[in-house]
Amino acid sequence: MQIIKRNIDLKVDDSLMRVYIASPKTPGVYPAIIFYSDIYQLGSPMIRLINYLAGFGYIVAAPEIFHRIEPVGSVIEPDDIGRMRGNDDACRTLVAEYDSDIQAMIDFLKAENSVSQIGTLGFCIGGHLAFRAAFHNEIKAGVCCYPTGIPSGKLGKGVADSIHRVGEIAGEMLLIFGTLDPHIPEADRITLLEALSQGEVSHQVLMYEAEHTFMRDDGYRYDSVAATAAWGEIITFLGCLS
């Protein structure tokens, strides 16, 4: 399916949040996905994934997660300096500010006549943000790819209460992990999955013998076989929004 691309701006707490949107070229009503990047924001690897997903018949809307700190359009390079910069941006953003951004995205998509149901998908810190987005009843499906910091509450400035709010999730959830990922050790995976079970959240779990960020195609940890398999599962899972 061919797609069209555009950028819009949303005002959140007096900050301009750029949102990149990729959607099917053929006019119609489609499910929407709120797409959350990793700490490097919307560089080429993330844009490729957004466009890829849109081609399956989704309106994919990706906000810049550090818009209160970084200039509009900023892309953080995925090197040592960039990692420090991205992690610092994350730590300087209040958890309540992330939540305000989530609400703004949901409100925007609810107002769009071309949107049917809403889901969310994210990577790394974005996986944690997608998890928090799923606390909203409007989110019917959530995909969290190697989400960091959920059991520990590490997300931004302050401690995130994500692990304690699992019971608020009403939609379907898909969690994807790399078993070689030191940022999400087995103990954290167990804690998270037990919380989902105890909260009676309908969820699926995929484990790949892969490292952190194994779905990002510009890094040495990229695993094309695991990433391709994961995307096949994601597309099938998101079919519940159709």
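Reader: Which strands does helix α4 lie across?
Author: Helix α4 (residues 125–133) lies across β3 (30–36), β5, β6 and β7 (172–178), and runs at about 145 degrees to β5. Contact here is heavy atoms within 4.5 Å; axes are lines fitted to C-alpha atoms, for helices over the stretch in contact, with angles from 0 to 180 degrees between N-to-C directions. Helices (H or I, at least four residues) and strands (E, at least two) are DSSP runs, numbered from the N terminus.

Reader: Anything to know about the model itself?
Author: This is a predicted model, with residues numbered from 1 along each chain as its sequence is written. Local features need pLDDT of at least 70 and side-chain atom pairs 80 or more, totals for chains, interfaces and linings use all residues, and side-chain values use heavy atoms, leaving out hydrogens and water.

Reader: OK, the sheet. What's the strand order?
Author: The eight strands run β1-β2-β4-β3-β5-β6-β7-β8 in an open sheet with mixed pairing. Two strands pair if DSSP finds at least two bridges between them.

Reader: And why does one side of β1 and of β8 lack a neighbour?
Author: β1 (3–12) and β8 (203–208) are at the edges with a single partner strand each, so one side of each has no neighbour in the sheet. On average, neighbouring strands of this sheet are turned by 20 degrees against each other, direction ignored.

Reader: How do β5 and β6 pair?
Author: Strand β5 (residues 115–123) and strand β6 (residues 139–145) pair in the parallel sense, over six bridges. F123 is opposite C145 in β6.

Reader: Switching to pockets. What volume does the largest one have?
Author: About 740 Å³. A pocket is an open set of points on a 1 Å grid over the protein atoms alone, with protein on both sides within 12 Å along at least five of seven lines, and lining residues have an atom within 4 Å of a point. A volume is the space filled by probe spheres set on the points, which are joined across faces, edges and corners.

Reader: Which lining residues are closest to its centre?
Author: I39, N87, C124, H183 and H212, out of the 27 that line the largest pocket. Helix α2 (residues 80–92) gives the most to that lining, with four residues.

Reader: Last one: is H164 buried or exposed?
Author: H164 counts as exposed, at 70% relative accessibility (buried is under 20% relative accessible area, exposed over 50%, partly exposed in between; 1.4 Å probe, protein chains only). H164 sits in the loop between β6 and β7, and its C-alpha atom is 9.5 Å from that of I150, 14 residues apart along the chain.

Terms used. 1 Å grid on protein atoms, 1.4 Å probe; cavity = no way out; pocket = protein on both sides within 12 Å on 5 of 7 lines; lining within 4 Å.
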